[in-house]
Amino acid sequence: MSEIVLRGLRKSFDSVEVIKEFDLTIADGERLVFVGPSGCGKSTLLRMICGIDDISFGRIYIDGVDVTALPAARRGLAMVFQNYALYPHMTVRQNIGFSLRVAGVERTVASERVVEVAQSLHLDHLLERYPRELSGGQRQRVAIGRAIVRQPKAFLFDEPLSNLDAALRAEMRLEVARLHSTYGATMIYVTHDQTEAMTLADRIVVLNQGRIEQIGTPSELYEQPANRFVAEFIGSPRINIVAGRMGPEGMLLMSGADRQLPVAATRDVLAVGIRPEHIRPVETGGHLNCTVRNVEFFGAESFVYADCNMGADIVFRTDGRAPLRPGENCQLLLTLEQMLAFDDGGKTVPLQAVV
Ligand SMILES: Nc1ncnc2c1ncn2[C@@H]1O[C@H](COP(=O)(O)OP(=O)(O)OP(=O)(O)O)[C@@H](O)[C@H]1O
Ligand SMILES: [Mg+2]
């Protein structure tokens, strides 16, 4: 269990600065998730923390000890990669126990620890198999087993589940959460997957071009995004963004005809964000008129794409089967208290209801 502190971290590859002045404290036992677009520096950060990549500037502390100059093997961290490579000529037992053997751990102690880890990962009946005789999910669990067997101070996961199919991902997601509560070690987890980020994180760090856009709990990022980038990045389907500005009597949504909504902003606004669950179809008294373009039915819910004469389609969510078909006209009621507004720099602007 460990606190990890990153101070003024920077990383450049030749003349390109990939990580820009990065400061972050990860609490002992915390589950921290990095998300961000491809190429924003997530893997680079993890590799720097782990000690696989050098850092250009800054310092890394683990439990108050400066480890910046320590090689990976002496930092006491375990990393699981997306493309985990198991030793093909070794059984599950040998794969999991390999690092203990290298570290010279006494035979009976090592063998007990391998069995304990295998049990916690439901691999105990597969100990004599070779990697080629395992399913994708089982192989992934062996890779995790190899990481946890050394009882690291922290786990670093770089998209560990992205090679698995949807059902296995869901299963392994729960497995990772369960492992964390069993071992309680600090965990840094990189993912592209919204569900993994929202469900596994105590805090999520949203990265963009090597910088932190926002750090917060999943609900803080979803409900109070600091800016448009975070609002658009967190949430699926994406938040609807519509051009808007403040008028004399409320918010004007830009479309064929301006529509005023009874909300006020403290400063100039350029765009408005409305999440798909904060829009519902109504017979009368709605804020927008629309024509339904497409309906996606998922069983428990449907996503409806509607043309409100605003450029891009508006997407909203209904429970179960949507009572709408493509080509139909209807009105949409917006939950104004939940609406977000952004200024010309993309920063969130607080809104208040006009009474
Ligand atoms: N060895 C390298 N040499 C030069 N540039 C590199 C090197 N490794 C990474 N980069 C660049 O650094 C940036 C960050 O890469 P990184 O792998 O950290 O992104 P990422 O956020 O993990 O992306 P993804 O989600 O696609 O895995 C990218 O622009 C990448 O091209
Ligand atoms: Mg990566």
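Some notes on this one, starting with a term: a residue is called buried under 20% relative accessible area, exposed over 50%, and partly exposed in between, using a 1.4 Å probe and protein chains only.

1. **Ground rules.** This is a predicted model, where local features need pLDDT of at least 70, side-chain atom pairs count only at pLDDT 80 or more, and totals for chains, interfaces and linings use all residues. Residues are numbered from 1 along each chain as its sequence is written, chains are lettered from A and ligands numbered from 1 in the order in which they are written, and side-chain values use heavy atoms, with hydrogens and water left out.

2. **The overall picture.** The chain carries 8 helices and 23 strands; these are DSSP runs numbered from the N terminus, with helices being H or I of at least four residues and strands E of at least two. Along the principal axes, the C-alpha atoms fill a box of roughly 75 × 45 × 35 Å. Of the 355 residues, 48% count as buried. Take a contact as heavy atoms within 4.5 Å: among contacts with a separation of 6 or more, 65% come from residues 24 or more positions apart.

3. **Surface and charge.** By the Shrake-Rupley method with a 1.4 Å probe, where for residues only the protein chains shown count as cover, the accessible surface is about 17,000 Å². Carbon and sulfur atoms own 48% of that surface. For charges, Lys and Arg count as positive and Asp and Glu as negative, leaving out His and the chain ends; each charge is placed at NZ of Lys, CZ of Arg, CG of Asp or CD of Glu. There are 38 positive and 43 negative charges, and their mean positions sit 6 Å apart.

4. **Helix α1.** How many of the 9 residues of α1 are buried? The count is 7, so to speak a mostly covered helix spanning residues 42-50 (buried being the under 20% class). The buried set is Lys42, Thr44, Leu45, Leu46, Met48, Ile49 and Cys50. Just after the helix, Gly51 takes a positive phi of about 105°.

5. **The β9/β10 hairpin.** Strands count as paired if DSSP finds at least two bridges between them. Here β9 (residues 203-208) and β10 (residues 211-216) run antiparallel and are joined by 5 bridges. One of the partnerships to look at is Leu207 with Ile212 in β10. The hairpin has 2 residues between the strands, and Gln209 takes a positive phi near 50° there. Gln209 is also exposed, with a relative accessible area of 57%.

6. **Backbone oddities.** As background, most residues other than glycine have a negative phi, and most peptide bonds are trans. Besides Gln209, which is not a glycine and has a positive phi of about 50°, have a look at Asp63: its phi is positive as well, about 50°. Asp63 sits in the loop between β4 (57-62) and β5 (65-66) and is partly exposed, at 42% relative accessible area. Then there is the cis peptide bond between Ser236 and Pro237, with omega about -5°. Pro237 belongs to the loop between α8 (228-233) and β11 (240-247).

7. **Cysteines.** A disulfide is a covalent bond between the sulfur atoms of two cysteines. Here the test is a pair of cysteine sulfur atoms within 2.5 Å, and the count comes to 0. Why do Cys290 and Cys330 not form a bond? Because the sulfur of Cys290 is 3.5 Å from its closest cysteine sulfur, the one in Cys330, which is too far. From the other side, the closest cysteine sulfur to Cys330 is that of Cys290, also at 3.5 Å. Cys290 is buried with a relative accessible area of 4%, and Cys330 is buried with 12%.

8. **Two residues to follow through the fold.** Ala177 lies in helix α5 (residues 166-183) and is partly exposed at 22% relative accessibility. Leaving aside residues up to four places away in sequence, Ala177 touches Arg31 and Leu200. Ala177 and Arg31 are 146 residues apart along the chain, with their C-alpha atoms separated by 9.2 Å. Gly97, in helix α2 (residues 92-102), counts as buried at 13% relative accessibility. Measure from Gly97 to Gly244, C-alpha to C-alpha, and you get 60 Å in space for 147 residues in sequence.
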